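I opened this entry to record what I looked up, step by step. The sequence and the model come first, then my notes.

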Amino acid sequence: MSRAGRLLNARETLPRMLLLILSGLAYLLVICGTQAPPTGPQWVLAGLAFAAGLLLHRRQPVNLLVQTLLFGIALAFIDDPTINQVGTAWALGELAFWAPRAVHVVAGAGLVALTYLVLGLPGSQVSLTESLVGLTTSLGLPILLGLVGRTTHELGLQATRRAESEQRAARADERAAIARELHDVVAHHIASVVLRVGVARHVLPDLDPKVADVFDDVHRTGTEALTDLRQLVAVLRDPEGVRGDAALTAIEPGSLPAALDGAVEKARLAGVIVEAEIDPAVGSLDAVRGLAVLRLTQEALTNVAKHAGPSATASLRVRAAGSGVEWTVMDDGGRAGGPRDAPVGGGHGLTGMRERVEVLGGILTAGPDGKGWRVSTVLPG
């Protein structure tokens, strides 16, 4: 928040109080010093006003009572009550800045006016009209400044809330657009693939068993993808209705080892030689970290098949580490014959992996390793 913004913030009373004290000290040391040195009682009353302002700057009604009391004493016993008069006016302005109801401001102004009329007006060399005009100005100006500050602060809060509301609406529109595209385009194409594979499986009954296994795997994978897409569309359309993205951030913890084995088998069907070392203890991970490990494994093995080729050899290591987990996927580069560079822009898959890990408090490390590629992380418990 800027300095000007802090001065116009209803909660930031201390900066305004410090500004008042500095102004009061400047008055006593500079202005009074050039005319007549401040007297002892003047210093005492000023010091009490400064101390009360510091101690009571968040208790505006009490501060106004104390400042008004000091102002009355100054009117009765010293010749120059300017410091206490300004302190009282400042306290009245702070009351106007804070007051939840107008009656607080009216009562505060009435107390200050009564104090002046009883202790300051009698014996004054100024005419009654001038005194009343001065009193009105002394009361009206701080109240006006307080109300202006209060209004500015409230308008700022309203603008912030309106901006947040517009951002939420914009994000909702973006989610709805993405959901439409996923449902109308991606899900449609995947459904078509699943349907055609199913038809092919039935119209070609005498397929080689290995080809039939591939058809069955494609059909099963496509069906699972459709289920995930429906869950994702539901989250995008109504995040609150599915408790955030709970539908996408949960997996039965005990089923994680089997799910990892399934991801490994799919990679092997794609031609990748996978050496898997999965600690059975990872079955005790919580649902969120369990799904993260599964998604990271699926993405990493898919990247191996895509970039290193079906002849590559990959190793998967998943090991429980306390309440967290250590995860690594490495490959030998396959037919690439040399180190691979990161995709331009980091690749959406790698970016998604890194974001998923960072949400859980981990750091994803990815880069060339010999002729192949290595990606690893430690997800804390």
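Which residue in β3 is the bridge partner of A321? I looked it up, and the partner is G324. I keep in mind throughout that the model is predicted.

**Overall**

I then took the totals. The protein has 381 residues, and buried ones make up 35% of them. I counted its secondary structure as eleven helices and five strands. For the accessible surface I got about 21,800 Å², with 62% of that belonging to carbon and sulfur atoms. I also checked contacts between residues at least 6 apart in sequence: 65% of them join residues at least 24 apart.

**Strands β1 to β3**

I went back to the strands. β2 covers residues 313–321 and β3 covers residues 324–331. These two pair in the antiparallel sense, over eight bridges. They form a hairpin with two residues between the strands, and there I found G322 with a positive phi near 70°.

On β2 I also looked up the pairing with β1, residues 273–278. This pairing is parallel and runs over six bridges. For E275 I noted S315 in β2 as the bridge partner.

What handedness does the β-α-β unit of β1, α10 and β2 have? I recorded it as left-handed. The helix in this unit, α10, spans residues 287–308.

**Helices α5 and α6**

Next I looked at a helix pair. I noted that two packed helices are described by the angle between their axes and the distance between the axes. For α5 (residues 82–98) and α6 (residues 102–120), the axes come within 9 Å and cross at roughly 170°. Angles over 145 degrees count as roughly antiparallel, and I therefore entered α5 and α6 as roughly antiparallel to each other. On the α5 side I listed T88, L92, L95, A96 and W98 as making the contact. On the α6 side I listed H104, V105, G108, A109 and V112.

**Residue Q60**

Last, I checked one residue in helix α4, which spans residues 60–77. Is Q60 of that helix buried or exposed? Its relative accessibility is 6%, and the cut-off for buried is under 20%, so I entered Q60 as buried. I then listed its contacts, leaving aside neighbours within four places in sequence: T13, E94, L95 and W98. L95 and W98 are also among the α5 residues I had listed for the contact with α6.

Conventions: Residues are numbered from 1 along each chain as its sequence is written. This is a predicted model: local features need pLDDT of at least 70, side-chain atom pairs count only at pLDDT 80 or more; totals for chains, interfaces and linings use all residues. Side-chain values use heavy atoms; hydrogens and water are left out. Two strands pair if DSSP finds at least two bridges between them. Helices (H or I, at least four residues) and strands (E, at least two) are DSSP runs, numbered from the N terminus. A crossover is right-handed if, with the strands pointing away from the viewer, the path from the first strand over the helix to the second runs clockwise. Buried means under 20% relative accessible area, exposed over 50%, partly exposed in between (1.4 Å probe, protein chains only). Contact means heavy atoms within 4.5 Å. Accessible areas come from the Shrake-Rupley method with a 1.4 Å probe; for residues, only the protein chains shown count as cover. Axes are lines fitted to C-alpha atoms, for helices over the stretch in contact, and angles run from 0 to 180 degrees between N-to-C directions. Angles under 35 degrees count as roughly parallel, over 145 as roughly antiparallel, 65 to 115 as roughly perpendicular and the rest as oblique.
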